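Thanks for coming, everyone. Please have a look at the structure on the screen, and then we will walk through it.

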Amino acid sequence: MNSGSPVDAGTPLDATRDRLEVQGITVHFGGIVALDDVSLAAPARQVTGIIGPNGAGKTTLLNVLCGFVRPTAGSVSFGGRELNRIRPHDLAELGIARTLQGIGLFSGLSVIENVMVGATSLAKAGFWSGLSGLPRSDADERRLRDYSQRALELAGIGDFAEAMPDMLAHGQRKRVALARALVARPRLLLLDEPASGLAESELAELDGLITGLAKQCTVVVIEHRMDLMMSVCQRIFVLDFGKVIASGTPDQVQADPAVTAAYLGTDVVQAVSESGSGSTADATEPTMSTPQAKERAGD
Ligand SMILES: Nc1ncnc2c1ncn2[C@@H]1O[C@H](COP(=O)(O)OP(=O)(O)OP(=O)(O)O)[C@@H](O)[C@H]1O
Ligand SMILES: [Mg+2]
């Protein structure tokens, strides 16, 4: 990829430099233990998945990685650099970008302006050599706009650059949010439910996009759509009540009875095995929106 493309840090990706390590992270919210001694690793050039029922702690983990939530215990490092004192405004400089579980676009800005907001943060990281926070000249702004346009195209929404977010369908707005993350040229890309609200027909393209991004940066993705996760992830960690209860390849995780039990409840697992209806993974393919899971999350 040439040096002017989004998601290209300009230097060869280094397997050690771009590895995310999470060690013993615990987060308390008052009496709630949202994360309990969570450890995981996300290697460079791979898609690492985090799944688990509603309220399992997935978004909280991403919030820790971004400095939005301070853990009670544990440590995080990216490329060997400790991120324990990270603040949200350090993210661009560290090469970390995320999408939110909600979409989080500015409704008063056009699509491309929303993406340019993401790119502007790069000025502080020294990427835009002629800039210091805001474009100082027409040429600077043109460059910023071109770059943002390329990120929109990469996310498959380039034709809607001048539209206002409210005019777009949900799936299109999600692409804009993704473009805004990509324009920050992340070395670590954190995606919180990128497929939520997408039609089945849109999943294949998202699958290809995420797989392609992992050639450029370390990707961590949270998602409820198990078909997508089974396809894009090299490794999956399963959270339940704030703990890692399983990890492995998608096939290993899908076949793990503890995972099925976490989603559907032990009774269902027993019922399936007693009825002799074959693999629990097939018969009870986990979805994150089971009534049991929602109940536990207090939805
Ligand atoms: N800021 C907060 N203050 C208090 N409790 C919180 C806060 N953020 C999350 N929680 C609680 O922490 C637990 C984990 O929430 P989290 O949002 O991380 O779950 P999740 O796995 O992302 O769920 P979902 O799949 O529904 O998005 C839940 O019990 C939630 O209610
Ligand atoms: Mg969440």
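Which residue in strand 10 does V238 stand opposite? The partner is A246. Before going further, some ground rules: this is a predicted model, where local features need pLDDT of at least 70, side-chain atom pairs count only at pLDDT 80 or more, and totals for chains, interfaces and linings use all residues. Residues are numbered from 1 along each chain as its sequence is written, while chains are lettered from A and ligands numbered from 1 in the order in which they are written.

Back to that hairpin. Strand 9 (residues 235-240) and strand 10 (residues 243-248) run antiparallel, joined by five bridges. Two strands pair if DSSP finds at least two bridges between them. Two residues sit between the strands of this hairpin, and F241 takes a positive phi near 45°.

Now the overview. The chain has 12 helices and 10 strands. These are DSSP runs numbered from the N terminus: helices are H or I, at least four residues, and strands are E, at least two. Of the 299 residues, 43% are buried, meaning 20 or more other C-beta atoms within 10 Å of their own, with C-beta atoms placed from the backbone.

V238 comes back in the core. The largest nonpolar core has 78 residues, and V115, A151, A179, L189, V219 and V238 touch the most other members. Such a core is a set of buried Ala, Val, Leu, Ile, Met, Phe, Trp, Tyr and Cys residues joined through C-beta atoms within 7 Å. Helix 5 (residues 170-182) gives the most to this core, six residues. Domain 1 (1-95 + 187-246) and domain 2 (105-184) both contribute residues, so the core lies between them. Those bounds come from an automatic or database domain assignment.

Next, the open sheet. Its four strands run in the order 2-1-4-5, with antiparallel pairing. Strand 2 (32-42) and strand 5 (81-82) are at the edges with a single partner strand each, so one side of each has no neighbour in the sheet. Seven bridges join strand 1 (residues 20-29) to strand 2. There, V22 stands opposite L40.

Last, ligand 1. It is surrounded by 14 residues, the closest being F29, N54, K58, T59 and T60; the cut-off is a C-beta atom, placed from the backbone, within 6 Å. Helix 1 gives the most to this shell, three residues. Strand 2 and helix 1 (58-65) each supply at least two.

That is the tour. Over to you for discussion.

Technical notes
Buried ≥ 20, exposed ≤ 12 C-beta atoms within 10 Å, placed from the backbone.
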